[in-house]
Structure formats: structure tokens, C-alpha cells
Amino acid sequence: MPARTAIVILNWNGEKFLRQFLHTLVENTNPDLARICIIDNGSTDGSLAFLSENFSQIQLVKLDKNYGFAGGYNRGLKEIEAEYFMLLNSDVEVGKDWITPLVELMDSDPTIGVCGPKLIDYNNRDKFEYAGAAGGYIDKYGYPFCRGRLFECLETDNGQHDTREDCLWISGAALFIRSKLFFEVGGFDDDFFAHQEEIDLCWRVQNSGCRVVCEPKSTIYHVGGGALPKSNPFKTFLNFRNNLYLVVKNLPNKEIGWVLFVRFFLDVIAAVRMIFQGNFKECHAVFRAYGAFLKNKRKMKQKRLPVTRKVSSQITGMYCGSIVFKHFLGKKKTSVEIFGK
């Protein structure tokens with residue numbers, strides 16, 4: 001009888017990370033609890049040859065081209081049968097029995113739709129990792145942050161976030177979800193291509209009535225920036241555009257207008273800051289993001305699923321203040337300073 005959990009890695013030209021981390025993943029994953037699958041997003045490097053020569057036992061789903069993070073998973077997961085999907089980046093190191101607390105948590109409570117581990121920086125192991133830290137949140141203007149990370153400020157892990165907590169989103173670097181639920185809420189949004197599609201997915205999961213939980217009993221070490229480096233104009237474009245998509249798709253209708261109004265001025269300030277830092281291409285990417293957003297705004301509104309909550313503060317993991325003001329004007333550096341945990 002096959003394992004109920006499928007650990008699914010989406011690979012695109014990631015031979016380097018497969019060579020570095022796949023052996024450890026296999027060694028530290030109980031085959032009775034989970035099996036490993038790989039979706040290849042049209043790689044042109046030596047990934048497929050490496051897998052064929054060294055891991056022929058792993059289920060491999062081959063796509064004809066790079067559909068991005070969202071499209072790649074949406075297409076590949078249709079070919080994988082499992083009760084649970086553990087979506088895992090290729091640039092991740094796991095420890096022994098890392099998957100056990102996540103499976104046990106999901107088995108214990110059917111109201112939990114998504115969960116995920118604590119993410120630690122692979123290259124600086126006393127720090128939380130940027131992509132997800134100890135669970136993701138969002139402020140009232142749509143800016144995402146984490147328990148353990150505010151903007152570029154990464155907290156030292158001193159055990160301050162070792163309690164299990166409900167949150168708004170789990171990083172796509174290590175996202176555990178019920179397979180049936182993934183398809184019921186529509187999977188990832190292909191139009192996001194990459195970045196923040198997991199926030200959109202988790203928000204829809206909450207709107208469906210399920211919980212999103214970070215389980216720090218499971219810890220993984222994430223390199224980060226495996227597909228795109230941190231400072232990259234295309235990454236800046238995707239983050240700003242997709243964040244605006246998030247607002248239109250998921251906020252209650254009566255909040256969208258004023259949030260977008262405030263967001264425009266805050267994002268202009270961010271773009272001006274990029275100019276003073278000499279990041280001219282990234283500044284241009286912010287305004288390109290707004291152009292793409294305005295072009296597709298109506299399409300995003302048409303994708304809205306029923307939002308039963310009257311105000312966004314009813315969403316778990318929604319901070320009712322502004323982390324922009326708290327961080328840059330109030331000099332708050334940690335999530336503990338923001339909301340005490």
C-alpha cells in the first residue's frame with residue numbers, strides 16, 4: 001500500500017540542488033509515511049539524466065516547458081495520487097523524521113487544511129529564513145511578513161517561536177496540504193506564475209473554512225533564491241504585481257478601494273527609495289507591476305471566491321495595523337515587538 005503523503009518537488013534546471021539535497025531527503029524520510037515525487041518543469045540542464053541514473057525509483061512527472069511555480073504544480077499534481085501533498089523546494093535540507101510532526105498534526109485535526117514547518121536559513125542556522133520563518137501573516141494593506149521576519153530583518157531563533165500557531169499562510173518552500181482541498185479551492189493561480197501564490201492559496205483555504213497552522217516541531221533548512229536571486233527586477237515585478245492581485249482576489253469588497261489607494265502611495269515611496277539605492281531597474285519593475293495589475297484587475301475580480309467574512313480582521317493571521325509604519329517609522333524589528341509573539 002503506497003504512503004498516504006507525497007513529497008513533491010517542482011524542479012526547473014535544479015540539478016545542483018538535487019545533487020546536494022535529494023540524498024538527504026531520501027535518507028530522512030520514512031517510506032512508510034511518505035514517498036518522494038518530482039515534477040520537472042521543462043528542465044534543459046542535466047536534471048533528468050541525474051534523476052534517471054541515481055533515483056529511478058522516484059516518480060517523475062515531466063512537463064513540456066516551464067509553467068512557473070503555480071502552473072507547474074497545478075499540472076503535475078494531477079498526475080500524483082495521495083491523501084496529502086507536501087510541496088517542497090529542491091534547495092532544502094531536512095532532518096530525521098522531519099515529516100512525522102506534520103502528518104500527525106493533519107491526522108489529528110480535520111479542520112486544518114494547510115500546515116508547514118519552521119524554516120531556518122541554511123547558510124546561517126541561528127536565523128530564521130526569509131521565505132516563511134515560523135508562519136506567515138499579512139497587514140491591513142496587504143504586505144506579507146512572518147513570525148521571525150519583518151521585511152529584511154531576520155530574527156535569531158532562540159526558541160521564541162516554538163509554539164504551534166495558526167497563521168494566514170505557509171511558505172511554498174515547504175507547504176503541506178490535503179490533496180482534495182488543493183483542488184477544491186482551485187490550486188495555485190497560474191496568473192501569478194511565481195511568488196505569493198502560496199499566500200493566495202492559503203487565504204482561499206481560510207475562506208473555505210479550514211485552518212492554516214505552523215508546526216515548529218518540524219524544522220527544515222532553506223537556501224532560498226534558488227530560482228531567482230533576492231535582488232532581481234523580475235522578482236520585484238512579480239512580488240509587487242502579485243501582491244496587488246492578492247488584495248483584489250481576497251479582501252472583502254468594501255476594503256479593496258481604500259487599501260489600493262493607500263498601497264499606491266506606499267509603493268511609490270518604495271520605488272523612490274530604490275532610486276536612492278541605485279536600483280533603477282527594480283524601481284522600473286514596480287511601475288511595470290502596476291501596469292500589469294491594472295490590465296488584469298477585472299480578471300482578478302472575476303476569480304474571487306465567496307468571501308463570507310465581512311471584514312479582513314476576521315481572517316486569522318491578519319494584522320490590523322501597518323507593518324510599514326511600525327517597521328520604518330516605529331523602528332520595530334521583530335514580530336514579537338509587533339504583536340507580542
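## Briefing: salt bridges, cores and a few telling residues

K118 and D157 pair up in a salt bridge, with their closest N and O atoms 3.0 Å apart (a salt bridge here is a side-chain nitrogen of Lys or Arg within 4 Å of a carboxyl oxygen of Asp or Glu). That pair ties together distant parts of the chain: K118 sits in strand β6 (residues 112–121), D157 in the loop between β10 (153–154) and β11 (165–166), and they are 39 residues apart. Keep in mind that this is a predicted model, in which local features need pLDDT of at least 70 and side-chain atom pairs count only at pLDDT 80 or more, while totals for chains, interfaces and linings use all residues. Residues are numbered from 1 along each chain as its sequence is written, and side-chain values use heavy atoms, with hydrogens and water left out.

**Overall build**

- The chain has 11 helices and 14 strands; these are DSSP runs numbered from the N terminus, with helices being H or I of at least four residues and strands E of at least two.
- The radius of gyration is 19 Å, which agrees with the value near 20 Å for a compact globule of 341 residues (taken over C-alpha atoms, with the globule rule being 2.2 Å times the number of residues to the power 0.38).
- Along its principal axes, the C-alpha trace spans about 55 × 40 × 40 Å.
- Of the 341 residues, 55% count as buried (under 20% relative accessible area; exposed is over 50%, partly exposed in between, with a 1.4 Å probe and protein chains only).
- Take the contacts (heavy atoms within 4.5 Å) between residues at least 6 apart in sequence: 76% of them join residues at least 24 apart.

**Salt bridges**

- The count comes to 17 salt bridges.
- Back to the opening pair: K118 is buried, with a relative accessible area of 5%, whereas D157 is partly exposed at 21%.
- R4 bridges to D107, with the closest N and O atoms 2.7 Å apart. Here too distant parts are linked, since R4 is in the segment before β1 (5–11) and D107 is in helix α4 (residues 100–108), 103 residues apart.
- Both ends of that bridge are partly exposed: R4 has 34% relative accessibility and D107 has 40%.
- K249 and D189 meet through their side chains in a salt bridge at 2.8 Å, N to O. K249 is in helix α7 (residues 233–250) and D189 in the loop between α5 (179–184) and α6, 60 residues apart.
- K249 counts as buried at 4% relative accessibility, and so does D189 at 6%. Bridges with shared partners join D189, D191, D200, R204, K249, K299 and K303 into one network.

**A buried arginine without a bridge**

- R147 lies in the loop between β8 (144–146) and β9 (149–150).
- What is the nearest side chain of opposite charge to R147? That would be E165, 4.2 Å away, and R147 is buried yet has no salt bridge (Lys and Arg count as positive, Asp and Glu as negative; His and the chain ends are not counted).
- A polar atom of the R147 side chain does lie 3.1 Å from the backbone oxygen of T163.

**Nonpolar cores**

- The largest nonpolar core has 77 residues, and V8, I39, Y73, L77, I80 and F85 touch the most other members. Such a core is a set of buried Ala, Val, Leu, Ile, Met, Phe, Trp, Tyr and Cys residues joined through side-chain atoms within 4.5 Å.
- Leaving aside neighbours within four places in sequence, V8 is in contact with nine-strong company that includes C37, M86, L87 and L88.
- Another core, of 31 residues, lies apart from it, with F55, I99, V103 and A174 among them.

**Two more residues to click on**

- C202 is in helix α6 (residues 197–207) and is buried, with a relative accessible area of 0%. Not counting residues up to four places away, C202 touches V114, L168, W169, I170, L175 and V212.
- Y122 sits in the loop between β6 and β7 (136–139) and counts as buried at 19%.
- The C-alpha atoms of Y122 and Y221 are separated by 4.6 Å, though the two are 99 residues apart along the chain.
- Y122 touches Q20, F21, E93, Y221, H222 and V223, again leaving out residues up to four places away in sequence.
- With the side chain of Q20, the Y122 side chain makes a polar contact at 3.2 Å (a pair of N or O atoms within 3.5 Å; within protein, one must be able to donate a hydrogen and the other to accept it, and residues adjacent in sequence count only if both atoms are side-chain atoms).
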